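Colleague: Thanks for making time for this. Could you take me through the reasoning behind a few of the labels here?

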Amino acid sequence: MAYDNFKPTIWSAKIQAELEKLCILQESCNTQFQGEVGEGKRVKIIGATRPTAKVYMPGSEIDAAETPVDTSMYLDVNQYRYTHFIVEDIDQAQSVDGLMQSYIKGSAQELAEQRDSFIASLSATATYFSEQTEISTEDDAKTLIDDAFVQLWNNGVKISDSVVIEITPWFYNMFKNKLTELYTNNVELI
């Protein structure tokens, strides 16, 4: 076997680039602590609650200072995935146009599916779930989205907050058709 022309740094970078392009659910995740996680097995994320605003009457004493509740949480590194393949003759594999790219893309697809599956599994710990709803019309699609927004707003999400919804192409098509119909017939409503 000849390893003279093997360039693992270049190949690793391509795998990472492909992986980032293929991950869907990660786009909706908070990844601001990702760099710190690499420094250890656990990151303590400091939480801060808002202090209570009280009415002040001029000339009167104010209440004793409050101690905000600690809402810190830990982010544990507890998921590890990898792909591992062997190429018998590196020189020959590099000479076959597209072979290494195919291996790299396949590895990235597998890792992306694993990452998205794990992120999706975290929804099992969510506080609010809707009942399973059969969607058969464009009206059903819009009603479901509207109901989801009402649920979010009733639980502290502001109307001005950004909300991400991951939907299938089939559902998107139904929802888009309903919005197009509404826009065409009710410009003022939209």
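Colleague: What makes Tyr-103 count as partly exposed?

Modeller: This is a predicted model, and in it Tyr-103 has a relative accessibility of 33%. Buried needs a value under 20% and exposed a value over 50%, so Tyr-103 counts as partly exposed.

Colleague: And Phe-85, why is that residue placed in its class of exposure?

Modeller: By the same cut-offs, under 20% for buried and over 50% for exposed. Phe-85 has a relative accessible area of 35%, so it is partly exposed.

Colleague: How many aromatic pairs turn up in a search of the whole structure?

Modeller: Two aromatic pairs are found. In one of them, Phe-85 and Tyr-103 have ring centres 5.1 Å apart and planes at 35°.

Colleague: Why is the pair of Phe-85 and Tyr-103 called tilted?

Modeller: Two steps. Rings pair if their centres lie within 6.5 Å, and these centres are 5.1 Å apart. Stacked would need planes under 30 degrees apart and edge-to-face over 60; with planes at 35°, the pair is therefore tilted.

Colleague: Which parts does the pair tie together?

Modeller: Phe-85 lies in the loop between β2 (73-76) and α3 (90-95), while Tyr-103 lies in helix α4, so the pair links parts that are 18 residues apart in sequence.

Colleague: Staying with α4, what makes Ser-107 count as buried?

Modeller: Its relative accessibility is 6%. The cut-off for buried is under 20%, so Ser-107 counts as buried. Ser-107 lies in α4, which covers residues 99-121, and the buried residues of that helix also include Ile-104, Leu-111 and Ile-119. Leaving out residues up to four places away in sequence, Ser-107 touches Thr-83 and Phe-85.

Colleague: For contrast, why is Pro-51 called exposed?

Modeller: Exposed means over 50%, and Pro-51 has a relative accessible area of 61%, so Pro-51 is exposed. Pro-51 sits in the loop between β1 (42-45) and β2.

Colleague: How do you know that the span of α5 agrees with what its residues should give?

Modeller: The expected span is 1.5 Å times one less than the number of residues. For the 17 residues of α5 that is 24 Å, and the end C-alpha atoms are 25 Å apart, which agrees. Just after α5, Gly-156 takes a positive phi of about 95°.

Colleague: Why is α5 called roughly perpendicular to α6?

Modeller: Helix α5 (residues 138-154) and helix α6 (residues 169-185) pack at an angle of about 95°, with their axes 8 Å apart. Angles of 65 to 115 degrees count as roughly perpendicular, so that is the label for α5 and α6.

Colleague: What classes of residue make the contact of α5 with α6?

Modeller: Seven nonpolar, one polar and five charged residues. Among them are Leu-144 and Ile-145 of α5, and Phe-171 and Met-174 of α6.

Colleague: And what about Glu-138: which residues is it in contact with, leaving aside its neighbours within four places in sequence?

Modeller: Glu-138, in helix α5, is in contact with Met-174, Asn-177, Lys-178 and Glu-181. The C-alpha atoms of Glu-138 and Phe-171 are separated by 8.7 Å, although the two residues are 33 apart along the chain. Its relative accessibility of 29% falls between the cut-offs of 20% and 50%, so Glu-138 counts as partly exposed.

Key
Residues are numbered from 1 along each chain as its sequence is written. This is a predicted model: local features need pLDDT of at least 70, side-chain atom pairs count only at pLDDT 80 or more; totals for chains, interfaces and linings use all residues. Side-chain values use heavy atoms; hydrogens and water are left out. Helices (H or I, at least four residues) and strands (E, at least two) are DSSP runs, numbered from the N terminus. Buried means under 20% relative accessible area, exposed over 50%, partly exposed in between (1.4 Å probe, protein chains only). Contact means heavy atoms within 4.5 Å. Rings of Phe, Tyr and Trp (its six-membered ring) pair if their centres lie within 6.5 Å; planes under 30 degrees apart count as stacked, over 60 as edge-to-face and the rest as tilted. Axes are lines fitted to C-alpha atoms, for helices over the stretch in contact, and angles run from 0 to 180 degrees between N-to-C directions. Angles under 35 degrees count as roughly parallel, over 145 as roughly antiparallel, 65 to 115 as roughly perpendicular and the rest as oblique. Ala, Val, Leu, Ile, Met, Phe, Trp, Tyr, Cys and Pro count as nonpolar, Asp, Glu, Lys and Arg as charged, and the others, Gly among them, as polar.
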